[in-house]
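Okay, thanks for making time, everyone. I'd like to walk you through one model today, mostly its charged pairs and one of its helices. Let me put it up on the screen.

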Amino acid sequence: MSLNSTERFNTSKELKENLKISHLAIEDVAAALNTSVSKINQILELDYVAPEDPWILKEYLSEQLCQQGLTGYPYSKLVGDFRNYWFLSTRKIYKRQLSK
């Protein structure tokens, strides 16, 4: 899925809002996803990331919000079941395997 500049801006904002709502430190998110703070920032900005990366972060944040009983900020493009998007590697998402 290719996003235009407005969609990229909105998706970035939505991920950041859900991180904020979760009250999780970015360092904790990075540790949970076995990556660096730099990589999480890269995903939050949608800066040279694999198509699966925003979905992995979205799924993780959604799980955390659900566990905390919190309602997340709605997504405009990262919607539905990631398994329904033919271009995504579901294996990478299940394993939370972020790009390098």
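Let's start with a pair of charged residues: K39 is buried, and D53 is buried too. By buried I mean under 20% relative accessible area, with exposed being over 50% and partly exposed in between, using a 1.4 Å probe and protein chains only.

Before I go on, a word on where this comes from: it's a predicted model, where local features need pLDDT of at least 70 and side-chain atom pairs count only at pLDDT 80 or more, while totals for chains, interfaces and linings use all residues. Numbering runs from 1 along each chain as its sequence is written, and side-chain values use heavy atoms, with hydrogens and water left out.

Back to the pair. K39 and D53 form a salt bridge, with the closest N and O atoms 3.3 Å apart. K39 sits in helix α3 and D53 in helix α4, so this pair ties together parts that are 14 residues apart in sequence. Salt bridge here means a side-chain nitrogen of Lys or Arg within 4 Å of a carboxyl oxygen of Asp or Glu. And the helices are DSSP runs of H or I, at least four residues, numbered from the N terminus.

How many salt bridges does the rule give? The count comes to 6. Let me show you two others.

One joins the side chains of E45 and K16, at 2.6 Å from N to O. That pair links distant parts of the chain, E45 being in the loop between α3 and α4 and K16 in helix α1, 29 residues apart. E45 has a relative accessible area of 46%, so we call it partly exposed. K16 is at 34%, so partly exposed as well.

The other joins E63 and R96, whose side chains meet at 2.2 Å, N to O. Here too distant parts are linked: E63 is in helix α4 and R96 in the segment after α5, 33 residues apart. E63 counts as partly exposed because its relative accessibility is 35%, and R96 is partly exposed at 27%.

Now, α4 itself. It covers residues 52–67, which is 16 residues, and reaches 23 Å from first C-alpha to last, close to the 22 Å expected at 1.5 Å a residue. That expected span is 1.5 Å times one less than the number of residues. Its buried residues include W55, I56, L57, L61 and L65. What do they pack against? The buried residues of α4 pack against α1 (5–22), α2 (26–32), α3 (37–44) and α5 (90–94). After the helix comes G69, with a positive phi near 70 degrees.

E59 is in α4 too, and it's partly exposed because its relative accessibility is 22%. Leaving out residues up to four places away in sequence, E59 touches F82 and I93, where a contact means heavy atoms within 4.5 Å.

Last stop, helix α1, where we find N18. Is N18 buried or exposed? It's at 1% relative accessibility, so it counts as buried. With the same sequence neighbours left out, up to four places away, N18 touches L61, L65, G72, Y73 and Y75. A polar atom of the N18 side chain also lies 2.6 Å from the backbone nitrogen of Y73.

S12 is in α1 as well. At 7% relative accessibility, S12 is counted as buried, and beyond residues up to four places away in sequence it touches L44, E45 and L46.

Technical notes:
Helices (H or I, at least four residues) and strands (E, at least two) are DSSP runs, numbered from the N terminus. A polar contact is a pair of N or O atoms within 3.5 Å; within protein, one must be able to donate a hydrogen and the other to accept it, and residues adjacent in sequence count only if both atoms are side-chain atoms.
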